[in-house]
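Visitor: I have a protein model open on my screen and no idea how to read it. Could you walk me through it?

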Amino acid sequence: MTEASGRRSAGESLLGALRERPEDQDLWDRLRVRQFPGARINLDPGSIATPAQAVRAAMQGFWGDELFAYPEGQVQRGRAEHRRARALAAALWGADPPALTAGTSEALRSIAYALRERLGGGEAPLVLMSEHEHPSATAAFERGFRAATLPDAALRDPAAAGAIAAGQRPAVLLLSQVTCTIGQVVPAREIAAAVRAAAPEVFVIVDAAQAVGLVPPALTGADVVVASGHKWLFGPPGVGFAWTSPRARAELPLLAGDGEEGGATGLERRGAHDFSVYAGLAAALDLHAALGHVALRRSRALAAWSARELHERLLAAGVAHRFFDANTGEEREAPPTAEQLLATVSVALPGIDVEAVCTALHPAGIHLRCVIDRRAGKRTPLLRLGAPCYESTARVRRAIEALVTAVVANRT
């Protein structure tokens, strides 16, 4: 047996054991050491996750045989890995193989441009969106569009969203499947159906950047679904997915492009670029498929544990705070349970300079996300803690201890 096959067999054995014994902390520690080594604690996978060692190895291995000096070889190997990553995505989530983009933000800019070309000529088309959309998503629709707000209550009630659409008649619905602010899981399929019933010509765009790797992308009823490979899939930065409906490809020819492999090739990179990202993405999808649902269960349990630990320490320090229920988006004083979370804990900290808190933690090798919640014209500081499946309670406890110390030091 070769050294490479020996490592692969050991890795497969560990993943198989995790699927059989997902409560075994020692197995998760072994996964972290093997796939996510290092002292830094990255609790911000919703921005840029730590790529798995398998991903890094695949990208490094891509450049074997002096491929840097063999341009045609780069293209050929890149195409092969590109096809493999698309096929793996189709096997995981169904539907046609997605286009592989440069990431969610880049894809949304191209989509917005294509929609301006399609819908322009009269009054600026109306985009219906929530107040939870990522700034790069809303920025893509600033020029040439009008915006209307889908209130928080409608994110819980598709019928309410449909009623708003009946009055507004939007040309575009832009909706996050999981919000980047409070980690709310939005019923995107049901809202899309209700809005389309009221406005049959609407183009439905689902931003699944925070969802893919945790839950399947909400493909049903959408014209375009975009997602990232570098968040909860633990893949390489600079690559993402775009699923498009036949209608979108027919009516938005800028998306369809001129590729031979089908899909929205107009959203893909052209010309020379780092083709090794496709090998890294394929490795990330392999790891995701091998872990299966145990990774999500582990992340939910760890997120709930983190919420309890953070709640107790903030109470002891006399720090006012509120959590958010990922199912409803509603604020709550008590820490949410695993059933009320996906894989992140969002906590509002009135009177705390959260940006200073995050900055203070970086020298200690602890990284999480500060968010300013601007809903209803307010500016509420939030901290978002992700719970990657491979982390341990001991390491997360250390991060929370440092976090609470920084919070107390940065009261305004």
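**Reading the fold, step by step**

Guide: Sure! Let's begin with strand E5. Val-172, Leu-174 and Ser-176 point one way from E5, Leu-173 and Leu-175 point the other way, and all of them are buried. Keep in mind that this is a predicted model.

Visitor: How many residues of E5 are buried?

Guide: Buried means under 20% relative accessible area. By that cut-off, 5 of the 5 residues in E5 (residues 172-176) are buried, and the strand counts as mostly covered.

Visitor: Which strands does E5 pair with, and in what sense?

Guide: To read pairing, look at the direction of the two strands and at the bridges between them. E5 pairs in the parallel sense with strand E3 (residues 126-130), over 3 bridges. E5 also pairs in the parallel sense with strand E6 (residues 203-207), over 5 bridges. Follow Leu-174: its bridge partner in E3 is Met-129, and in E6 Leu-174 stands opposite Ile-205.

Visitor: What unit do E5, helix H9 and E6 make?

Guide: Trace the chain from strand to helix to strand. E5, H9 (residues 188-198) and E6 make a β-α-β unit, and it is right-handed.

Visitor: What is the strand order in the sheet that holds E5?

Guide: Read a sheet from one side to the other. This one is an open sheet of 7 strands with mixed pairing, in the order E2-E8-E7-E6-E5-E3-E4. Strands E2 (99-101) and E4 (146-150) are at the edges with a single partner strand each, so one side of each has no neighbour in the sheet. From one strand to the next, the twist averages 20°.

Visitor: Where is an antiparallel pair in it?

Guide: Try strands E7 (residues 224-228) and E8 (residues 240-244), which run antiparallel and are joined by 5 bridges. There, Val-224 has Thr-244 in E8 as its bridge partner. While you're there, spot helix H4 (residues 71-93), which lies across E2 and E8 and runs at about 115° to E2.

Visitor: What about a sheet with antiparallel pairing?

Guide: That's an open sheet of 5 strands, ordered E10-E9-E11-E14-E13. Its edges are E10 (331-332) and E13 (369-373), each with a single partner strand, so one side of each is left without a neighbour in the sheet. Inside it, E11 (residues 344-348) and E14 (residues 380-386) pair in the antiparallel sense over 5 bridges, with Val-345 opposite Leu-385 in E14.

Visitor: Which helices pack on that sheet?

Guide: Helix H13 (residues 294-316) packs on it, touching E9 (322-324), E11 and E14, and its direction makes about 25° with that of E11. Helix H14 (residues 354-361) packs on it as well, touching E13 and E14, with a direction about 175° from that of E13.

Visitor: Now a single residue. Is Thr-138 buried, exposed or partly exposed?

Guide: Thr-138 has a relative accessible area of 25%, so it is partly exposed. Thr-138 is found in helix H6 (residues 135-140). Setting aside neighbours within four places in sequence, Thr-138 is in contact with Met-129 and Glu-133.

Visitor: And how do I read the whole chain?

Guide: Zoom out. The protein chain has 15 helices and 14 strands. Its radius of gyration is 22 Å, close to the 22 Å that the globule rule gives for 412 residues, so the chain is as compact as a globular protein of that length. Buried residues make up 55% of the 412. The chain exposes about 17,400 Å², and carbon and sulfur atoms supply 52% of that.

Notes
Residues are numbered from 1 along each chain as its sequence is written. This is a predicted model: local features need pLDDT of at least 70, side-chain atom pairs count only at pLDDT 80 or more; totals for chains, interfaces and linings use all residues. Side-chain values use heavy atoms; hydrogens and water are left out. Helices (H or I, at least four residues) and strands (E, at least two) are DSSP runs, numbered from the N terminus. Buried means under 20% relative accessible area, exposed over 50%, partly exposed in between (1.4 Å probe, protein chains only). Contact means heavy atoms within 4.5 Å. Two strands pair if DSSP finds at least two bridges between them. A crossover is right-handed if, with the strands pointing away from the viewer, the path from the first strand over the helix to the second runs clockwise. Axes are lines fitted to C-alpha atoms, for helices over the stretch in contact, and angles run from 0 to 180 degrees between N-to-C directions. The radius of gyration is taken over C-alpha atoms; the globule rule is 2.2 Å times the number of residues to the power 0.38. Accessible areas come from the Shrake-Rupley method with a 1.4 Å probe; for residues, only the protein chains shown count as cover.
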